[in-house]
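Got the model open in your viewer? Let's walk through it stop by stop, selecting as we go.

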Amino acid sequence: MSVPQLMVANCPRCGKVFQKNLRNQCSDCSHSLDSILLSSLEFLRRNHRSTNEQLSAATGVTNEQLHVWIKEGKLVLSDYPNLYYSCTICAKPIRQQKLCPECAFRINRDIRELKERDHSFQTLRREKQKASVGGFQILERLSGV
Ligand SMILES: [Zn+2]
Ligand SMILES: [Zn+2]
C-alpha cells in the first residue's frame, strides 16, 4: 500500500517546510510579502518619485523583490520615475528590457559572431559532404562496371 506523497518543499524565503503551491513559498511568507507589497504601493502612492533606496528604507523591500514585482506586473515602473531594477548581467540599474544597453550590445555582438562562426562551419561541412557524395558516386560507378 502506498502512502500518497505530499508535495512539500522548503520555503525559499524562510526555509520552513510547506506544502507546494503556485506562489512557491509558505503562507507566512506570502502574507508578509503581500503586506510589504501593500505598504510599498502605499508608500509609492505618497512618494511616487522615491528611489529604490528610499522605498527599501521605508518598507524593507529588497531590490530582488522589487524586480519580481515588476516582472509580475504588480509594480509598473513607468508610474515611478526613480525606481529601477538591475541588469541581469552586470546589475547596473535599468528601467527597461532585461539588460543594460552595454550588455545588450555585447550579447548581440557575441550572438552574431557565434552565428557567423556556425555559418562558416556549416558551409565547410556541406562542402565536405558534397565531396564525399561525389566520391561515392565515383565508387558506385566503378563497382557497377
Ligand atoms: Zn516562508
Ligand atoms: Zn549590464
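Start by selecting Gly73, the residue that follows H3: its phi is positive, near 80°. Bear in mind that what you are looking at is a predicted model.

Now step back into the helix itself. Which residues of helix H3 (residues 63-72) are buried? Select Gln65, Leu66, His67, Trp69 and Ile70, and you have them. To see what lies over these buried residues, bring up helix H1 (27-46), helix H2 (52-59) and S3, which are among the elements covering them.

While you're at this end of H3, show the side chains of Glu72 and Lys74. They meet in a salt bridge, 3.0 Å from N to O. Both partners sit partly in the open: Glu72 is partly exposed, with a relative accessible area of 48%, and Lys74 is partly exposed at 37%.

Time to zoom out. Colour by secondary structure and you should find four helices and four strands. Going along the sequence, the order is β-β-α-α-α-β-β-α. Switch on a surface if you like: the protein exposes about 11100 Å², with carbon and sulfur atoms supplying 57% of it. Of its 145 residues, 23% count as buried. As for the contacts with a separation of 6 or more, 22% are between residues 24 or more positions apart.

Next, the metals. Select ligand 1, a zinc ion, and show what surrounds it. Which atoms coordinate this zinc ion? The donors are the SG atoms of Cys11, Cys14, Cys26 and Cys29, at 2.2 to 2.3 Å. Check the angles among the four donor atoms and you'll get 107 to 115°, a tetrahedral site. For comparison, the ideal angle for four tetrahedral donors is 109.5 degrees. Along the chain the donors are spaced C-x2-C-x11-C-x2-C. Two of these donor residues, Cys26 and Cys29, are buried.

Now jump to ligand 2, also a zinc ion, coordinated through SG by Cys87, Cys90, Cys100 and Cys103 at 2.3 Å. The angles among the four donor atoms run from 101 to 117°, and this site is tetrahedral. Here the spacing of the donor residues reads C-x2-C-x9-C-x2-C. Pick out Cys87 and Cys103: Cys87 lies in the loop between strand S3 (85-86) and strand S4 (93-94), and Cys103 is in helix H4 (residues 101-144), so the pair ties together parts 16 residues apart in sequence. Cys87 is buried, with a relative accessible area of 3%, and Cys103 is buried too, at 2%.

Last stop: the charged side chains. How many salt bridges are there? The count comes to seven. Select Arg23 and Asp34, whose side chains meet at 3.1 Å, N to O. Arg23 lies in the loop between strand S2 (17-19) and H1, while Asp34 is in helix H1, so this pair ties together parts that are 11 residues apart in sequence. Arg23 is partly exposed, with a relative accessible area of 38%, and Asp34 counts as partly exposed at 30%.

Then move to Arg109 and Asp110, which form a salt bridge whose closest N and O atoms are 3.9 Å apart. Asp110 is partly exposed at 38% relative accessible area, as is Arg109 at 32%. To finish, select Glu42, Arg45 and Arg46 together: salt bridges that share partners join them into one network.

Terms used
Residues are numbered from 1 along each chain as its sequence is written. Chains are lettered from A and ligands numbered from 1 in the order in which they are written. This is a predicted model: local features need pLDDT of at least 70, side-chain atom pairs count only at pLDDT 80 or more; totals for chains, interfaces and linings use all residues. Side-chain values use heavy atoms; hydrogens and water are left out. Donors are N, O and S atoms within 2.8 Å of the metal (3.2 Å for Na, K and Ca); water is not among the atoms, so sites may look incomplete. Four donors count as tetrahedral if all angles lie between 85 and 135 degrees; four count as square planar and six as octahedral if opposite donors are over 155 degrees apart and all others between 65 and 115; anything else is irregular. Buried means under 20% relative accessible area, exposed over 50%, partly exposed in between (1.4 Å probe, protein chains only). Helices (H or I, at least four residues) and strands (E, at least two) are DSSP runs, numbered from the N terminus. Contact means heavy atoms within 4.5 Å. Accessible areas come from the Shrake-Rupley method with a 1.4 Å probe; for residues, only the protein chains shown count as cover. A salt bridge is a side-chain nitrogen of Lys or Arg within 4 Å of a carboxyl oxygen of Asp or Glu.
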